[in-house]
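Hi everyone, thanks for coming. I'd like to walk you through one protein chain today, starting from a single residue and working outwards.

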Amino acid sequence: FAQDNIFKIGLILPMTGQQATTGRQIEAAAKLYMAQNGDTVAGKKIQLIIKDDTSIPDVTKRMAQELIVNDKVNVLAGFGITPSALATAPLATQSKTPQVVMAAATSSITEASPYIVRTSFTLPQAAVAIADWAPKNGIKKVVTLVSDYGPGLDAEKFFKDRLTFNGGTIVDSLRVPMRNPDFAPFLQKVRDLKPDALFVFVPSGAGAAVMKQFLERGMDKAGIKLIGPGDITDDDQLNDMGDGALGVVTSHHYSAAHPSAVNKKFVEAFKKANNNLRPNFMAVGGYDGMRVIYEALKATKGQGGGDALLAAMKGQIFESPRGPIFIDAQTRDIVQNIYLRKVEKKDGQLYNVEFDVIKDVKDPGKAR
Ligand code: DHB
């Protein structure tokens, strides 16, 4: 393949540091997608260039700049956290390079550049469903505890507005630093407040620490339920959380236990290729993001520049391992089912077992 017959995808991920599980999951998913679908598309050889941004937004930005200027990538992808996605957005706009956001989930990200397309989810999308479920299930008084940055603030606001609309009450809203959080003093405060439930958003990889301290303080035994978007019962960590996690109800777009043929095949292949690692919601964002890129390249017959590729990403509709998904052509954001799930034991392992679904949910953050 001559240099101009190579199609380059610059995949920027946190491979080390606090968000390393996100990087590991997305890298594995992207490689699985390529192994299953080949590395030649519309006559072009696909080259994946993976960069570790350690989830420091200045580093993300520098790496994106190098990928655009030196490597001349056709597409930027990845973005483990919101600040990394936002730091790159102006570069995507200036260089007219599509930026496929596979992980970060603050509502406003897609508004930061017309070249951003998202295959993950948004926190408002996930948080509204649990705010509808809770008051119908005996949960009226809730304390919220969120990571103090974009997705946490989105989760807090959209949960609060909907719960209040449904007749519930927010007793207190607590915010914990995103970097090196110490949950102990916050959980102690929640214990003293004795709400019906504690709503938690922490980014992928931090859920196990919250669960451990929640159980160590006997908060479940004190009658306080743990609820939230499904980041807290992340499939990457869930099976190691212990039986104390049983019964926790969350709302999210992906569970490794999603009972479809497409998902069963995905989970099996992912585990086989990765030493039995279970895919989580980050993996599915990466896998579907690769599909969106491949299909855009096919649709443009390998000729696409940034604008043509972007146009071919808009409006894509297909069955993901999570269920049916749609890239809204107006917002470039993902429309998908949100599931209510309860942690249960299946074949000796803990899973988020889906028991209800809200179909085709658009990002509620876009309706402002
Ligand atoms: C973000 C990161 C996460 O790990 C997650 O689970 C949700 C959102 C973010 O930074 O946007």
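**Starting from one threonine**

Okay, so find Thr250, which sits in strand β11. By strand I mean a DSSP run of E with at least two residues, while helices are runs of H or I with at least four residues, and both are numbered from the N terminus. Before we go on, this is a predicted model: local features need pLDDT of at least 70, side-chain atom pairs count only at pLDDT 80 or more, and totals for chains, interfaces and linings use all residues. Residues are numbered from 1 along each chain as its sequence is written, and side-chain values use heavy atoms, with hydrogens and water left out.

Is Thr250 buried or exposed? Thr250 is buried, because its relative accessible area is 0%. Buried means under 20% relative accessible area, exposed means over 50%, and partly exposed is in between, using a 1.4 Å probe and protein chains only.

So what does Thr250 touch? Leaving out residues up to four places away in sequence, its contacts include Ile130, Gly228, Ile232, Tyr339 and Asn352. A contact here means heavy atoms within 4.5 Å.

**The strand and its partners**

Now zoom out to β11, residues 249-252. In a regular strand the side chains alternate between the two faces of the sheet. Here both faces are covered: Val249 and Ser251 are buried on one side, and Thr250 and His252 are buried on the other.

Which strands are joined to β11? Strand β10, residues 225-229, runs parallel to β11 with 3 bridges, and Pro229 stands opposite Ser251. Strand β14, residues 334-346, runs antiparallel to β11 with 4 bridges, and there Arg341 is the bridge partner of Thr250. For the record, two strands pair if DSSP finds at least two bridges between them.

**A covered helix**

Remember Ile130 from the contacts of Thr250? Ile130 is one of the buried residues of helix α4. That helix covers residues 123-133, and 10 of its 11 residues are buried. The buried ones pack against α5, β9, β10, β11, β14 and β15.

**Another sheet**

Elsewhere, 6 strands make an open sheet, in the order β2-β3-β1-β4-β5-β6, with mixed pairing. Its edge strands are β2 and β6, and each pairs on one side only. Inside that order, β4 (75-78) and β5 (99-101) pair in the parallel sense over 3 bridges, with Leu76 partnered by Gln99.

**Two odd loop residues**

Most residues other than glycine have a negative phi, and most peptide bonds are trans. Lys194 has a positive phi, near 50 degrees, and lies in the loop between α6 and β9. Asn276, in the loop between α8 and α9, has a positive phi of about 75 degrees. Lys194 counts as exposed, at 53% relative accessibility, and Asn276 counts as exposed at 58%.

**The whole chain**

Stepping right back, the chain has 10 helices and 15 strands. Its radius of gyration is 20 Å, close to the 21 Å that the globule rule gives for 368 residues, so the chain is as compact as a globular protein of that length. That radius is taken over C-alpha atoms, and the rule is 2.2 Å times the number of residues to the power 0.38. Buried residues make up 58% of the chain. And that's my tour, so over to you!
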